[in-house]
Amino acid sequence: MFYHRWYNLSLNVKEISIKTNLTYKFKKRGVTMFKKAFPGGIDILDYKELSEDENIVELLPQGEIVFPMLQYKDEKTVPTVKKGDKVLVGQIIAEGIDPPLTNLISSVSGEVKAIEDRLIEDGNTIESVIIENDKAYTTIDGYGVTSNYKNLSKQEIRSKIKEAGIPSYMKLTPKKDEDVEYIIINGTECESYLNNDYRLMVEETEKLIEGTKIVLKLFDKAKAIIAINDKRTNLISKLEGLLANEEPIEVKPLKGKYPFGATRPLVYQITGHKLMSEMDPIEKGCIISGPETVVSIYNGVSLGIPLIEKVITISGEGIKEPANFKVKIGTSFSELVEAAGGLAEEANKIIYGGPMMGHASHSVDVPVSQESTGMTGLQEEIFSEGPCIRCGKCRQVCPVNLVPSKLKQYADVKDQDSFMKYHGIECCNCGSCAFICPSKISLVQSIQYMKKERGAYSE
Amino acid sequence: MPIVSKLYRVSYAPHKTSPYTSKNIMQDVAIALTPAGLFGIYNFGLRALLIILVSVTACVATEYIYLRATKKAVTPSDYSAVVTGMLLAYTLPVNIPLWIPAFGGGFAILVVKMLYGGLGKNFMNPALAARCFLLISFPTIMVDYGVEKLGNGEGLLSRLHSGTFALDAVSSATPLEAARAGERFELMKMFTGHINGTIGEVSALALLIGAIFLLGRKIISIRIPLTYLATFSAFIAIFGGDHVSLNFVLGHVLGGGLFLAAFFMATDYATSPDTVMGQVVYGVILGLLTGVFRVLGASTEGVAYAIIIVNLLTPLIEKVTVPKPFGKEKARNGR
């Protein structure tokens with residue numbers, strides 16, 4: 001019966017003491033430290049300490065490499081190779097045929113073993129290119145050609161980003177460059193257990209800053225803001241030290257209340273603009289990028305290395321030795337889990353992503369894709385679903401000011417009109433309502449179902 | 001080669017939930033009600049304890065029998081019947097016959113709660129609806145606040161048995177009845193509870209302790225009690241008649257079960273609106289209606305009727321006060 005709100009005052013012995021933490025926050029934010037950052041939100045234990053101090057370990061793949069034909073925002077991707085073709089590191093093996101036209105790039109050299117359906121993170125099976133790794137890692141011509149971004153034009157930078165297979169190419173090409181006011185580097189990582197962005201920022205801070213400068217070159221009027229959880233005091237001081245003379249990049253520590261890293265609360269906290277669900281952040285002059293994207297932009301533009309590696313966190317109480325790995329895209333998660341000690345006896349759930357918004361799956365034989373962040377092995381406490389007692393807690397924690405209990409009521413009877421009248425389409429899928437519900441009702445599932453019926457894009 | 005050989009649970013996000021369940025909420029409400037009950041036993045003697053136990057047992061038993069008979073999942077372990085039983089007992093005078101709480105408990109659970117769908121679906125506060133039912137059906141018994149006066153020479157056992165009030169009181173009229181006769185309110189006594197009344201409503205202090213516990217635990221929000229009490233005080237101050245004074249207003253606030261109702265019954269989850277603006281509207285209407293009943297009504301029982309009437313308005317209030325989602329309200333700085 002303990003009240004989890006008190007976590008934020010509990011001792012996290014690996015960090016500096018509570019007193020300096022509070023003083024730092026107060027110095028930075030003054031009285032607004034006590035102000036609500038955004039409506040709703042929940043204080044959760046984020047268990048990041050399980051893997052936040054583990055250095056990134058490079059893992060080379062042992063088995064076959066699988067590339068699912070899946071891209072950002074469901075664009076259609078087709079393979080450009082066929083069975084039996086020999087591929088090299090850096091070679092394009094699939095391309096998007098609808099905009100945003102991103103290419104999939106091979107991370108190993110070898111032979112295309114097959115093109116068949118394979119399981120991916122969210123439980124679907126999708127056509128995939130399967131490559132047999134010859135462990136030689138021979139690179140293609142033109143791989144690794146360095147250049148100085150200061151000597152490149154905007155067009156050249158953009159084409160280098162596209163060639164590197166980075167999915168943000170479309171995001172970084174708005175209609176008018178002058179419209180962009182803020183480049184927000186989303187280093188908040190509000191999901192529990194995951195530390196991949198954090199470790200990347202700690203270990204490759206210089207690359208992060210250089211990558212930000214490259215992006216800033218594309219937009220003359222923009223300011224870059226690195227948003228970060230304010231409990232990461234060491235990283236914040238390090239970044240501020242390195243950025244002492246760099247205008248216009250700024251570090252902004254944010255109060256760590258879930259879901260402070262979601263698009264709409266994030267834009268609101270940094271710029272004060274309020275976005276609706278169908279609006280793209282660019283409409284208010286913001287571009288949001290993750291630290292991984294920015295580092296790969298640096299790699300792609302300055303070092304000529306395409307996006308072929310990813311940092312993955314394997315964590316959770318169900319994993320014997322939680323760790324962070326850097327792996328080639330296409331490696332199977334089974335190898336990563338084995339390197340992390342394997343799944344513990346009590347683990348009864350495998351989640352790709354974090355526990356609040358991740359996909360549960362039955363198998364670890366899933367390849368690492370460009371969007372993977374990590375895997376969590378959980379020992380889930382199973383509650384039985386009770387009736388809605390109309391306590392209103394879901395309404396209190398919703399970051400978008402909705403009334404989830406009512407929305408579920410209408411979703412269950414497929415009443416689309418009332419669902420729309422209660423603005424159900426605005427739901428951002430954060431899961432706060434289902435987390436806090438005392439009757440453990442599956443609110444997110446019903447609301448998601450209704451949103452899909454209406455044809456809304458689900459984040 | 002798969003490295004796992006057992007079955008994993010696959011369900012939809014989120015995969016972690018807070019360990020606080022509705023059982024915990026009800027347990028906390030029951031804990032918050034205990035100080036008032038303990039004071040009632042101290043004030044009125046062991047019979048008060050008996051009434052509380054009979055009421056709780058009747059409620060739990062009715063729920064259990066109903067769920068068994070209709071072959072549904074049994075949930076009396078979620079303490080909501082216990083809370084209803086306690087609340088009902090707190091609204092009864094101490095010298096009523098024992099079949100009244102038993103009957104009232106059965107009515108509250110069976111008719112008001114179970115027959116309309118069970119937990120969360122009652123359209124009126126069950127304890128108050130039962131009280132009104134008993135008031136209408138057995139009026140002479142229910143307004144009998146008579147307490148047998150005992151002499152000063154009685155020993156400890158008698159004190160335990162009959163309660164402090166029986167030994168120390170001068171008259172057995174409730175404060176509101178006395179005020180109608182023109183007397184001033186004895187505010188300090190009303191605050192600590194050495195007055196006559198129903199078992200749970202006498203001590204504003206004990207109720208406040210429980211209410212602060214609930215507010216601290218974030219089980220109830222201050223919105224409904226605050227708007228209720230504020231509107232009610234304003235109404236009494238304006239329309240109270242000739243002898244309006246600070247003593248008068250405070251006395252009306254502290255007496256007649258208003259504290260019990262404002263903190264524990266008006267804030268009942270199933271019967272109050274779930275939107276912010278809705279709760280404010282609800283509190284205001286409640287305050288106005290209770291004020292009207294107190295000033296113009298024949299009996300001193302304004303609160304119970306006011307609450308069950310406004311409970312009926314809750315769905316309408318919710319429909320009218322749908323909150324605007326993020327982004328649709330005017331942003332700050334007019335952007």
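Analyst: A residue is called buried when its relative accessible area is under 20%, exposed when over 50%, and partly exposed in between. Keep that in mind as we look at this structure, which is a predicted model.

User: Thanks! What makes K213(A) count as buried or exposed?

Analyst: K213(A) has a relative accessible area of 18%. The cut-off for buried is under 20%, so K213(A) is buried.

User: And how do you know which class its partner E210(A) belongs to?

Analyst: The relative accessible area of E210(A) is 26%. Partly exposed lies between 20% and 50%, therefore E210(A) is partly exposed.

User: Why is the pair K213(A) and E210(A) called a salt bridge?

Analyst: The closest N and O atoms of K213(A) and E210(A) are 3.2 Å apart. A salt bridge needs a Lys or Arg side-chain nitrogen within 4 Å of a carboxyl oxygen of Asp or Glu, so this pair qualifies. The two residues sit 3 residues apart in helix α4 of chain A, which means about one helical turn separates them.

User: What can you say about R118(A) and E116(A)?

Analyst: Their side chains meet in a salt bridge too, at 2.9 Å from N to O. R118(A) has a relative accessible area of 23%, making it partly exposed, and E116(A), at 36%, is also partly exposed. Both residues belong to a network of salt bridges that links them with E64(A), K113(A) and E132(A).

User: Which chains does the salt bridge of E318(B) and K406(A) connect?

Analyst: That pair, with N and O 2.6 Å apart, crosses from helix α16 of chain B to helix α10 of chain A. Both E318(B) and K406(A) are buried. Over all chains, the whole structure has 27 salt bridges.

User: Let's turn to helices. Why are α11(B) and α14(B) called roughly parallel?

Analyst: Helix α11 (residues 204–216) and helix α14 (residues 258–265) of chain B pack at about 10 degrees, with their axes 10 Å apart. Angles under 35 degrees count as roughly parallel, so α11(B) is roughly parallel to α14(B). Their crossing is left-handed.

User: Which residues make the contact, and how do they divide into nonpolar, polar and charged?

Analyst: From α11(B) come A204(B), L207(B), L208(B), G210(B), A211(B) and L214(B), while α14(B) brings F259(B), L260(B), F263(B) and F264(B). They divide into 9 nonpolar, 1 polar and no charged. Gly counts as polar, so the polar one is G210(B).

Key
Residues are numbered from 1 along each chain as its sequence is written. Chains are lettered from A and ligands numbered from 1 in the order in which they are written. This is a predicted model: local features need pLDDT of at least 70, side-chain atom pairs count only at pLDDT 80 or more; totals for chains, interfaces and linings use all residues. Side-chain values use heavy atoms; hydrogens and water are left out. Axes are lines fitted to C-alpha atoms, for helices over the stretch in contact, and angles run from 0 to 180 degrees between N-to-C directions. Helices (H or I, at least four residues) and strands (E, at least two) are DSSP runs, numbered from the N terminus. Angles under 35 degrees count as roughly parallel, over 145 as roughly antiparallel, 65 to 115 as roughly perpendicular and the rest as oblique. A crossing is left-handed if the near helix is turned anticlockwise from the far one by less than a right angle, and right-handed if clockwise. Contact means heavy atoms within 4.5 Å. Buried means under 20% relative accessible area, exposed over 50%, partly exposed in between (1.4 Å probe, protein chains only).
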